[in-house]
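Biologist: I should like to request a close look at a single part of this protein, followed by an account of how other parts are built. Please explain it in terms that a first-year student can follow.

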Amino acid sequence: MESLTITGSSLASSISFDKVHEDAVWILDQILLNCSLGNLTFPGDITSLEAGENTIGILPDITLGQVGEVQMPKYYLFDFEADGLGSAQTEDLSFNVAGLRNLTVHGDIRNVTFLSEGTYNYYRNITVDGAIDDCTFYGYLLDNLLVRNQKEVIDPENPDDPPDIVIEDIAVNQSNFFLNELWGMLRNVTVREGDVTESTFSVGRYLNSFRIDNGNLEQSTLTAPGSYANLGTIIVDREIEWQEQSGGHVIDSTINVNGSIRTFYAAGSFSENSQINASGGLSSRIYAITTGGDFEGTINTSWIHQIKIGFDSAGKRLVEDQDFSGADFSGSVYATLGLYELNVTGAIQDALIYSNVGSVYNIYAEDGFTDSTVSVYRFVSRIVVGYFGGARNLYNVANYQADISLTVFATLLGSLTYTGDYLGELDEDFDVLYLGSIRDDFASLEIQDVAINGTLPETWSLDNIPIDETDSGVTTVKLSLGLTQFTYLPVTVDYVTVAGTAAEDVDYNAAAGTVTFYPGQTVKTIQIDVINDDVYEGDETFSVRLSNPQNTTLLDNEATVTIMNNDMAPTVSIKNISLPEGDSGNTTFSFEASLELSNPTGLPVNLTYETTDQTAALADTDYQETSGVLTFEPGGLLTQTIEVLVFGDTDAESDETFLLDLTITNATPLVLQATGTIEDDD
């Protein structure tokens, strides 16, 4: 049978096709409906299920075999059951309906685009026993999508045997779900087995629940770009024993919402190129991020309540054994208003925790805190590094060790507790260390090896600085010298100015001395006077060099001061010349070059010149080739000449010309060449 057309006034009765015998195979190219239909059952494959033009209808109960595409833009479909949708061999197939409720596909959905011409079209309760591959969903609402990826396949050679359960490695592949960019909602998505790869889930307003029970999220995007968008619960889990490390990973994927995220959990790791962004302004929040494995990615939002690394979905620390000693955090956190808690069962290493307005309250790192930076505008309340006591079941506590090497920028560090080993001693505590202000870029605490007496190394910083000079008087340069932490000992360092292209006591006043920091002081300035003038001389530099540090070490020992020239460069001009050539001998053409000074210059002005042919030619012996350098020394002559010999003859010819090309340094040229005109007098 090639096609079937069903026509009725409004509602046709149920139509059912039964196989004459079990081995019958029915294939139908097309079913065309021109009315609503109570029930449609066809046991074979259908290439296309279509509705007549401008036909509005409903189909409350449909049971079909493999369906290629559905073109019913003004029909509402209820309880649609098919063996499969789309085709692996045919691309760009459509599933076009006004609305859909209860779709069950016992096989795969492949190469199908779901779309609707309705304003508030919806899809409710889609269950796929197989996989979704290379599909696109457009709509307003997608409510309850379940991808089991556990389809039953009957062996044709043994049809009486129980069916095989086929599980694909990838459950959702290269598929996109686009729900209205302003108000679209995706309420519940569950993938029971297999990975979600190279796919996008985009909602305008809300994604309630996204869950992968036993697979990975790879090279995919969850996004909610609408003005009132939020994401609820995102879970990438694994039902197998977590120690096997074969599922629950987030790999090169992005979660992006213009609002808040309630809960994110990944049983495995979170890769370096993956991101979680809740970036809708200061009202955006991320309430909980938890991973069972390592976290290497980026988090960006306004406020984060809790990040837990090495925990299960219930927030319980994963049990330690010989194969698992904690999960590490080496990612980046950007939280405008701050972070309440970062709890890491392994080590924090090569990490950045940043808040440009707020604070960080609690950081816990069991296996160390190394090569990392914590930078906040206000305060860091508490950092705890090392063995917590009772939090871990250590297999070999005698060899346990947690290293610490971090930089903290903050106005206040409430407390730092560090247990670097487990040797029966007391914790080493540092309480209320004042660190200065991050806004001045020198409030850093360098902790490399904390000893029991609390001794911390100090460092220095000295920045290069440019300064604009004026035409008279002096300008004072202030160089900030920053002690990176509070100290109870007086700290001193010597300084001296060193000439560069700027001359001592001509361009600046030489200076030398000693800077002293008394206990409680963290900032000092070194003042150097720059001597202003109105002489054009280009940018000039000198250095301030530090030496002889006492009770400190030098991070930078030299800064460069650049005096930016503000004076006008002189100008250079040269006059053209025109003379008769004469009948014999030679005539001297004297080109007059003039230097005009708006203010004095301290640099020599060089004019490099060279003659070139125009109508006059060296080959015709019209003039003598001439080149050289003419120099105006500072304070010297303002007018000089360049001489070129012209040879006379008795040939009857028109006037001829040659050029004098110029290259000028340390001045502004008004012209770059002069013309010599040889007047014919024969």
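Which residue in β17 is the bridge partner of Phe114?

Modeller: The bridge partner of Phe114 in β17 is Phe137. Please bear in mind that this is a predicted model, and that the values below are computed from it.

Let us begin with the strand that carries Phe114. Strand β14 covers residues 112-115 and has two unlike faces: Val112 and Phe114 lie on the covered face, whereas Thr113 and Leu115 lie on the uncovered one. Strands of a sheet pair through backbone hydrogen bonds, either parallel or antiparallel. Strand β14 pairs with β17, residues 136-139, in the parallel sense, over two bridges. The pairing between Phe114 and Phe137 belongs to this part of the structure. Strand β14 is also joined to strand β12, residues 93-105; here the two run parallel and four bridges connect them. In that pairing, Thr113 of β14 has Ser94 opposite. Thus Phe114, from the covered face, has a bridge partner in β17, while Thr113, from the uncovered face, stands opposite Ser94.

The wider setting is as follows. The protein contains 62 strands and zero helices. Of its 682 residues, 48% count as buried. Among contacts between residues at least 6 apart in sequence, 51% join residues at least 24 apart. The protein exposes about 30900 Å², and carbon and sulfur atoms supply 45% of that area.

Charged side chains offer another view of how parts of the chain meet. Side chains of opposite charge can pair when their charged atoms come close. The count of salt bridges in the model comes to twelve. One of them joins Asp143 to Arg124, with the closest N and O atoms 3.1 Å apart. This pair links distant parts of the chain, since Asp143 lies in strand β18 (residues 141-147) and Arg124 in strand β15 (residues 122-128), 19 residues apart. Asp143 has a relative accessible area of 9% and is therefore buried, the limit for that class being under 20%. Arg124, at 23%, is partly exposed.

A further salt bridge is formed by the side chains of Arg211 and Asp213, with an N to O distance of 2.3 Å. Arg211 is partly exposed, its relative accessible area being 29%, whereas Asp213 is buried at 8%.

Glu592 and Lys575 also form a salt bridge, and their closest N and O atoms are 3.4 Å apart. Here too, distant parts of the chain are linked: Glu592 is in strand β56 (residues 586-596), and Lys575 is in the loop between β54 (571-574) and β55, 17 residues away. Glu592 is partly exposed, with a relative accessible area of 29%. In addition, salt bridges with shared partners join Asp108, Arg110, Asp133 and Lys151 into one network.

Strand β55 leads us to an open sheet. Five strands form it in the order β55-β62-β60-β57-β58, and the pairing is mixed. Strands β55 (577-580) and β58 (627-632) stand at the edges; each has a single partner strand, so one side of each is left without a neighbour in the sheet. From one strand to the next, the twist averages 20°. Within this sheet, β57 (residues 605-613) and β58 are paired in the antiparallel sense over six bridges. One pairing of residues there is that of Glu610 with Ser627, which lies in β58.

The loop between β57 and β58 holds Ala616. This residue counts as buried because its relative accessibility is 0%, which falls under the 20% limit. Leaving aside neighbours within four places in sequence, Ala616 is in contact with Asp622, Tyr623, Glu656, Thr657, Phe658 and Ile678. Of these partners, Phe658 shows how the chain brings separate positions together: Ala616 and Phe658 are 42 residues apart in sequence, yet their C-alpha atoms are 5.5 Å apart in space.

Finally, we may turn to the surface. Leu182, Trp183 and Tyr228 make a nonpolar surface patch of about 360 Å². Tyr228 is placed in the loop between β28 (221-224) and β29 (230-236). With 57% relative accessibility, Tyr228 counts as exposed, because that class begins over 50%.

Notes. Residues numbered from 1 in each chain as written. Predicted model: local features only at pLDDT ≥ 70, side-chain atom pairs only at ≥ 80, totals over all residues. Heavy atoms only, no water. Pairing = 2+ DSSP bridges. Axes fitted to C-alpha atoms, helices over the stretch in contact; angles between N-to-C directions. Patch = residues over 30% accessible without salt bridge, like charges linked within 9 Å, V, L, I, M, F, W, Y side chains within 5 Å. Areas by Shrake-Rupley, 256 points an atom, 1.4 Å probe, with all protein chains shown as cover. Salt bridge = Lys/Arg side-chain N within 4 Å of Asp/Glu carboxyl O. Buried < 20%, exposed > 50% of the residue type's maximum accessible area, 1.4 Å probe, protein only. Contact = heavy atoms within 4.5 Å.
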